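Please open the model in a viewer and keep the selection tool at hand. The tour below proceeds stop by stop.

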Amino acid sequence: MYSFVRPLLFSLDPERAHDLALSQLDKLHSLGLTRLVAPAVKPCKVKLWNIEFANPVGMAAGLDKDGTHIDALGALGFGFLEIGTTTPKPQEGNPKPRLFRLKQHAAIINRMGFNNLGVNALLQNVDRSRYKGVLGINIGKNKDTPNEKAFDDYRYCLERVYPAAHYVTVNISSPNTQGLRELQNADELHRLLSRLRDTQEKLSAQHRKHTPVLVKIAPDLSDSQLESMAMILAASRVDGVIATNTTVDRLPVQGHIHAKEAGGLSGKPLYGRSTQVLRHLRANLPSTIPVIGVGGIHSGADAVGKIAAGAALVQLYTGFIYHGAPLIRDCVEAIRRRREMASPRSS
Ligand SMILES: Cc1cc2nc3c(=O)[nH]c(=O)nc-3n(C[C@H](O)[C@H](O)[C@H](O)COP(=O)(O)O)c2cc1C
């Protein structure tokens, strides 16, 4: 079905196509017709942080920034959804156009800039939803908050979303908020994460619930930067890491008419680099800190490649835009086959 719909969607401006596809998905879902676009996905359970995931293939952040489409997206077969990035106050994001398709590369460049309705609106949407699966909430800082005050924004969002989320992701890796990625520098990262850890401990006592806090990192870091980052992540006792966000590198798409658009590149050209980052981080982190692999997954084999590089779970964004919901099933099935080959008797 998606192969019929895609040419129509791809003939539209990318942001309009995104909004239209999600509103049509909501309609299909309310009519009980999700199966027309999404094949059934058999369970392939994973338990992590004491949370049971129906399968290890999740939706990456940015697709449903305000949690406006949770029920429809949750019915497609994802093992978990990550909504956001959300910020304390609503903000419009960057001027349009800010989303570009690079079809021949199966890629996207975006400079959305955390357009969102604010964390309170997101929480109202979460409250209204009937989704029973695992829900991650990705938090960020407002554009007009200087980095010296970034902690205040992250703390505000963490406090607000803590009881509603299965896990919270601290996004310090979007290339579309000026200066944000500087929070990945050793000193700033250490300061931010240790203060967030204190906040998490207070919230854990207050709500009698431990909500894991994950950190999402950029693919544009050298091996030595990753090594010092791994030490800080371990010392700050983060619960997990998401590798990776989009890249500012344009080498893989050089010559394309959109190659020089500012923003982050995602999709197929990101696969190699984001998987290397995942592998290097995995090798340098204690085994108690799981890593979620995201970046350039367009097939079941790609998802298996992330698992082989050390990912405990994977997420999709651009591949889902290009291939639709059947990609979720393909990834789950490929991971299941790998599992069965590794331990035939447990299947
Ligand atoms: C249009 C668009 C918007 C995104 N917005 C966010 C966001 O708000 N927060 C975030 O952490 N990642 C965001 N991302 C990054 C994705 O979650 C993902 O990390 C990245 O695209 C790499 O995965 P992919 O190659 O499967 O797309 C966005 C990606 C795209 C394409």
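How many bridges join strand 7 (residues 134–139) to strand 8 (residues 167–171)? Select both strands: 4 bridges join them, and they run parallel. Strands here are DSSP runs of E with at least two residues, helices are runs of H or I with at least four, and both are numbered from the N terminus. Two strands pair if DSSP finds at least two bridges between them. Within this pair, Ile137 stands opposite Val168 in strand 8.

This is a predicted model, in which local features need pLDDT of at least 70 and side-chain atom pairs count only at pLDDT 80 or more, while totals for chains, interfaces and linings use all residues. Residues are numbered from 1 along each chain as its sequence is written.

Next, select strands 3, 4, 7, 8, 9, 10, 12 and 13. These 8 strands close into a barrel in the order 3-4-7-8-9-10-12-13, with parallel pairing.

Turn then to the ligand. Of the 26 residues around the ligand (C-beta atom, placed from the backbone, within 6 Å of it), Ala60, Gly62, Ser266, Tyr317 and Thr318 come nearest. Strand 6 (107–110), strand 11 (264–267) and helix 10 (318–323) each give two or more residues to this shell.

Finally, select helix 9 (residues 300–308) and helix 11 (residues 326–342), whose axes lie 8 Å apart and which pack at an angle of about 50°. Axes are lines fitted to C-alpha atoms, for helices over the stretch in contact, and angles run from 0 to 180 degrees between N-to-C directions. The two helices are therefore oblique to each other (neither under 35 degrees, nor over 145, nor 65 to 115).
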